[in-house]
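Here is a short, friendly tour of a protein and DNA model. Have the viewer open beside you as you read.

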There are 2 protein chains.
Amino acid sequence: MSEIEIFLIAKKVRPTAMRILVFRSLANKRAAMTLSELEALFEKSDRTTLYRTIKTFEEYGIVHPIHDGNGIPKYALCEEGCDCAAHNDLHLHFHCNQCEETVCLTDHKIPQINLPRGYTTEDVNLIVNGKCVKCSSD
Amino acid sequence: MSEIEIFLIAKKVRPTAMRILVFRSLANKRAAMTLSELEALFEKSDRTTLYRTIKTFEEYGIVHPIHDGNGIPKYALCEEGCDCAAHNDLHLHFHCNQCEETVCLTDHKIPQINLPRGYTTEDVNLIVNGKCVKCSSD
DNA sequence: CGATTAATGCACTTCCATTGCATTGATGTC
DNA sequence: GACATCAATGCAATGGAAGTGCATTAATCG
Ligand SMILES: [Mn+2]
Ligand SMILES: [Mn+2]
Ligand SMILES: [Zn+2]
Ligand SMILES: [Zn+2]
């Protein structure tokens with residue numbers, strides 16, 4: 001049994017062929033991907049299956065969505081420690097305005113945010129737009 | 001001539017009836033609004049006109065879009081100092097998970113963010129999700 | 001006023017999310 | 001292994017919102 005299969009089972013998700021493929025694709029790519037990008041990776045893939053695969057992954061703490069402000073959500077593997085109960089992705093997300101790639105900067109945690117009295121925080125989302133390393137050399 | 005008309009002219013935008021209405025609606029409401037929400041405010045309004053009105057406002061530094069992670073962009077009036085050249089909205093945005101309203105917290109500027117070497121920042125987007133004052137009493 | 005340019009309204013297209021339903025595949029029981 | 005059961009998949013269809021082309025109307029200027 002592959003490492004991925006073991007991981008999925010540990011997350012209580014049945015390791016079907018498509019799920020393994022999707023997981024591997026995300027693991028191999030450092031950047032987050034949209035559903036359409038994922039779809040393009042496979043010759044014969046049904047959009048709906050992909051959609052539901054991602055939903056399942058999201059529900060079980062395997063991937064988290066990233067809303068980088070460009071309309072279409074992207075998805076990346078979660079950090080360790082995520083589970084069905086609560087995602088644990090309080091890191092910074094960087095979106096490159098040139099190559100359009102969005103990446104998790106897991107080492108860069110989100111700073112403490114002060115809110116006006118009466119407001120309570122449940123989740124924080126920090127997106128930085130700019131130029132990534134690869135594109136900065138231009 | 002109304003204050004709104006004067007303001008729009010100063011921004012180099014011709015103050016048509018619809019533009020004045022849209023501006024007033026946004027000014028009267030503390031929360032940001034989607035196009036559909038705006039559309040619902042008017043009996044007879046064409047979605048395209050609204051769409052282009054907002055695009056124009058965006059272009060001339062009158063409104064800024066807020067991507068609160070719920071798929072559909074919302075719009076709010078800019079702070080003073082925005083113009084065609086560059087928006088100037090480096091404040092925090094708060095989205096209430098209960099009433100679903102999104103507001104600008106213009107007093108809460110976005111903190112300095114450190115990035116890995118090689119990355120350059122052009123824009124930062126900080127969204128806090130939680131419960132707003134109104135909803136916190138429940 | 002007549003000419004010119006901007007704004008509007010309507011029709012249409014496209015993209016993506018989402019759902020219903022029939023079909024296929026896996027799992028566990030006898 | 002055959003069968004019952006439940007999960008996953010594939011296909012078709014729906015729906016919401018963004019975006020565009022073009023004809024019409026409104027504003028502006030000489
Ligand atoms: Mn991430
Ligand atoms: Mn704002
Ligand atoms: Zn880049
Ligand atoms: Zn609220």
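The points below cover the conventions, the symmetry, and the protein surface around each DNA strand.

This is a predicted model, in which local features need pLDDT of at least 70 and side-chain atom pairs count only at pLDDT 80 or more, while totals for chains, interfaces and linings use all residues. Residues are numbered from 1 along each chain as its sequence is written, chains are lettered from A and ligands numbered from 1 in the order in which they are written, and side-chain values use heavy atoms, with hydrogens and water left out.

**Symmetry of the two protein chains**

- A turn of 180° with a shift of 0.0 Å along the axis lays chain B on chain A with an RMSD of 0.1 Å (a least-squares superposition on the C-alpha atoms of residues with pLDDT of at least 70 in both).
- That is the relation of a two-fold axis.
- Leu126(B) is the residue of chain B that comes closest to the rotation axis, its C-alpha being at 2.3 Å.
- The copies meet through the same surface, because 100% of the interface residues of chain B are also interface residues in chain A (contact means heavy atoms within 4.5 Å).

**Around DNA strand C**

- DNA strand C is surrounded by 18 residues, and the closest include Arg47(A), Tyr51(A) and Arg52(B) (a residue is near a strand if one of its heavy atoms lies within 4 Å of it).
- Of the atoms of DNA strand C within 4 Å of the protein, 71% belong to sugar and phosphate.
- For Arg52(B), a side-chain N or O atom is 2.5 Å from a base oxygen of DNA strand C, and for Arg52(A) such a distance is 3.3 Å (polar contacts here are pairs of N or O atoms within 3.5 Å).
- H4(A) gives the most to this surface, with five residues (helices are DSSP runs of H or I, at least four residues, numbered from the N terminus).
- The surface near DNA strand C has five nonpolar, five polar and eight charged residues (Asp, Glu, Lys and Arg count as charged; Ala, Val, Leu, Ile, Met, Phe, Trp, Tyr, Cys and Pro as nonpolar; the others, Gly among them, as polar).

**Around DNA strand D**

- There are 17 residues around DNA strand D, with Arg14(A), Thr16(A) and Arg19(A) among those that come nearest.
- Sugar and phosphate make up 63% of the atoms of DNA strand D that come within 4 Å of the protein.
- Thr16(A) has a polar side-chain atom 2.8 Å from a phosphate oxygen of DNA strand D, and Arg19(A) also has one at 2.8 Å from a phosphate oxygen.
- H4(B) gives the most to the surface near DNA strand D, with five residues.

Key: Polar contact = N/O pair within 3.5 Å; in protein donor to acceptor, adjacent residues only side chain to side chain. Helix = DSSP H or I, 4+ residues; strand = E, 2+ residues; numbered from the N terminus.
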